[in-house]
Amino acid sequence: MGANRDDDSPRGRALSPGERLHVLRAQEEEQNDREVLLAALYHAGGELDGLGGMVHLYGARTIRVLRLVTTCGLPQVFTNPWRDISADGSAAPATVFREGGCVWRSTVEPPEPGFGHESAVSRLTGVPEGTGIAAAALPGPEGPLGALSVLTSPSAGQPDEAQRAFFEEVAGWAARRLRLFPDEAEGVSPTLLEPPDPAPGRARALRTAGVGTWDWDLRTGDLAVDDMLLQEVGIDPEGFDRHIGTWVDRIHPDDLPWMMSMTDRAIRSRTPLEYEFRLRRSDGTYGWVRARRGVVLGEDGEPARLVGTVWDTTQTHAATESVGRALRHMSDGFLSVNDNWRIEFVNVTAEKLLGSAPGLIGRTLWEVPVIGSVPGLEERARRATAEGKPGGLDVRWPDSDRWYHLRLVPVPGGGLTLYIIDITERRRREAEQRSAAERARLIGRLTHHLAEAVTVANVVDAVADSVLPAFGATGLAVFSLDKDRLDVVGLVGYDHAFRDHVHGLSAAVTTPLGQALRTRTPQFIESTDAYTARYPETAELAAASGKQAWAFLPLTVSGRDIGAAVVSFGRPRRLADDERALLTALSGLIAQGLERAGLFDEATTRARELQRALLPQELPSLPAVTAAARYLPAGAATEVGGDWYDVIPLSSDRVALVVGDVMGHGMAEAAIMGRLRTAVRTLADLELPPDELLARLNDIVTELGGDRFATCMYGIYDPVSGGFSYASAGHPSPAVVRPGGTTTFPTHIPDPPLGVAAPPLATVETHLPDGSLLALYTDGLVSSFHHDLGHGRHRLARLLDQGSTDDPDALCDTVTRELLGDRRGNDDAALLIARTHRLAPENVASWPLPDDPVAAREARRHIREQLAAWELEELEMTTELIVSELVGNVIRHATGPIGLRLLRSRTLICEVSDGSLTTPHIRHPALMDEGGRGLRLVTTMAQRWGTRHTAHGKHIWAEQPIPTANPPPHGTR
């Protein structure tokens, strides 16, 4: 296809891009599609130095596939893998079909097959190494029609901008000139489709690449003609001087006069011209060629050049001689009529259908009784000739059970040909295929719906939606079998009163349902009379149902009877054999769906019970926070998840709030959730700060394996200072609602999830005014397929703002209802809302103590004075004893500074602080030891005690219950 662009000699001068466009644009409108595409391939290949080319068109009505319709200059071993390629693939033609424009690839890779089969070869053969491919879209009015592709030579490289622009213009020209007939070939013109088994050698080349182009300068007589044209018409390029006179000398003498006359008339009238003539080959023989010419005007407005195409038609002429014999004896009926609708020719098959030829020749088409009786035939025939477009219709032949297709093809210049094609077998196959396709669609639809059904109710709905419309049924009843008892699990198309008639029916009763179960054979009853005749003792059931025909289907799985289904009709109905076979097959699918649904319900119930047992049964009532929480499982089709929450009381009325999410769903994730929640409570008892606690938790998750991850947020609220400190491992930030209804999300970058986190973890500190709200949640609450995390958090903030004054329990209901509603996605969700309460200043008292033995005495004095002020004198003795022991321990074993703090809440809390990190522990002194009994005494006097480490030392604390006769006030700041 390539041309030497550097040779400007008269013999070798190649066409420039402008000349090529002139040639293309001057070609007349009557070209068929193949000729248009071959011309476009030739000129595009010449400009891009191409080795060959291909054209793919899109068959939209069948499958998303680009179909190879013509090639030029390429071997069959190369084009075989390209015959059908996926329109969604990565091959260059598919890329430009989807995206438009023009692309070039430096290598030619095997395309993705388009019909689900594998490529014909594992690698492309037949082209040099380094060959590239350029492709341009064939634009259409409603989207691309296909793609034009040219294989570029290794030496050509990537096309430049001018070549790309030329290539796209050629593709646009070709697309505008195509005349496709989608009614005949699924979106692809039958004139473009190559035979499935093309003949080898020269015959294939003549079909796919036998078109050459030329340009005749009327003023100089120079003829710019390509070598392909000369070779295809049998002229040696080396012996041809490319002058119009030499070309004319080769025309057959009998054809020369009229050719010259027609050419002259075309030039004068400036109209396109097409004709066939005989041309002498280099071997001295003559062959037939067809030429098409168009006139190109010069700058002065006068004809300057004739441009056009020439191709060899010798084989066509040889074939024409046998057309008459073929028509006469072809297996399809054939007749032709003139422009007066009189019959001129009838073949043998048509005579058998319409009568003998002598009785038909000369008669008008409508006078033939069989033809005249076809409804709408005359109207279609006249419209076909008027519009010049083929038409046709299918008819049942009179007095016969056979079907024929009448194909109406107008003849240029007037007249019509009529083909009579026996399509009886095709219609029968189509009917069978439609029936099989409908059965397959029904089975596929039911299988799909049952695959998504996870409960028995889902199964009943799937069967009702798929089966009832397909059979025109009006009722469905599904029963489960428990020993010999039939329990209704689903009714569609019946009133509620009917359930009372059949629920709990014994399978041993003589009914068609019982017989179907006993024999494991479907029972079909076409009317109420037939029911009464066969089962008179239970005829009242048929009357109560309000139906008039039934199909009773036993449901069996692995040899076990699990129930039955009844498909019923509102009118008498006798089911055909294929319908009965289909219902029998469907009963197996229904039985399997019910079995799976039952197993899923059982497994889901166990899993959810386990999950509920692992979550807090109720949240503790604490003075520092009023908390409420919700856990919402994922959709019915999803296994249990690993979301959890907890509220953990700490020392000094502080509270730990935690929310976590184990990634994944299933029993294993639920079990891991339980382990992590237990670990958090254990670590919280050690009074660890949030970052250190999550670091310990990260070690636990890491030990579970590399594919286990979890997110967690752990925070501690201090009611004395109002501070909330938290650390997050891959978890969304908490929502903070301060009094006044302003919701914020503390900005920080969370650390990676547990299992991949790398301590130290960041700790975030925030101050909460009294009455603030904290909302901790998992991503399942705010993120889903319907919206992203940012949108979900915006909705959450709006709801918290509006409900900031509500109690946490009501606010939990509002948030979950508005954010989730009845929807259950593929992830579960947890929500924990806590309203914080500050400890009033009058309930807090603290003092520094000297770092010497007098500290215990001062501590006792402070205790007596403060307890008197709080009217808790009855706790004076025990509190003095506890504080004396704690302060004495600090003096003996720790270092300062020393502090004393009392908190009056639901309990009386005494705290002694020092600057040491040593942890006191209870000793077991011998009988004669003088020390070691102080902490044992504190344990006896206090309700509970412990040690809390801080960044500057530690706090030893002890709690005592406050007498119920003297309850503490609940003042706030």
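This section describes the overall make-up of a predicted model and then four local regions within it.

The protein chain contains 31 helices and 37 strands. Of its 973 residues, 48% count as buried. When contacts between residues at least 6 apart in sequence are considered, 61% of them join residues at least 24 apart.

Helices α27 (residues 789-802) and α28 (residues 808-819) form a helix pair whose axes come within 10 Å and cross at roughly 145 degrees. The crossing of α27 past α28 is right-handed. On the α27 side, the contact is made by G792, R795, L796, L799 and L800; α28 contributes L811, V815, E818 and L819. By residue class, the contact of α27 with α28 comprises six nonpolar residues, one polar residue and two charged residues.

Helix α28 also holds C812. The relative accessible area of C812 is 0%, under the 20% limit, and the residue is therefore classed as buried. With residues up to four places away in sequence left aside, C812 touches A628, A629 and R630, and also L831 and I833. A further relation across the sequence involves A627, which lies 185 residues from C812 along the chain; the C-alpha atoms of the two residues are separated by 9.8 Å.

The geometry of helix α24 (residues 667-685) was compared with its expected span. Because each residue is taken to advance 1.5 Å, the 19 residues of α24 should span 27 Å, and the distance of 28 Å between the end C-alpha atoms agrees with this value. Buried positions in α24 include E669, A670, I672, M673 and G674. Further along the helix, L676, R677, A679, V680, L683 and A684 are likewise buried. Among these buried residues of α24 are thus E669 and R677, both of which belong to the charged class. After α24 comes E687, which has a positive phi, near 60 degrees.

The remaining region concerns T511, located in the loop between strand β19 (505-506) and helix α20 (512-519). T511 has a relative accessibility of 3%, and because burial is assigned under 20%, this loop residue counts as buried. Its side chain reaches the backbone nitrogen of G514 at 3.0 Å, and G514 falls within the range of α20. Apart from residues up to four places away in sequence, T511 touches Y535, T538 and L541. T511 thus combines a polar approach to G514 with contacts to residues further along the chain.

Terms used
Residues numbered from 1 in each chain as written. Predicted model: local features only at pLDDT ≥ 70, side-chain atom pairs only at ≥ 80, totals over all residues. Heavy atoms only, no water. Helix = DSSP H or I, 4+ residues; strand = E, 2+ residues; numbered from the N terminus. Buried < 20%, exposed > 50% of the residue type's maximum accessible area, 1.4 Å probe, protein only. Polar contact = N/O pair within 3.5 Å; in protein donor to acceptor, adjacent residues only side chain to side chain. Contact = heavy atoms within 4.5 Å. Axes fitted to C-alpha atoms, helices over the stretch in contact; angles between N-to-C directions. Left-handed = near helix turned anticlockwise from the far one by under 90°. Expected span 1.5 Å × (residues − 1).
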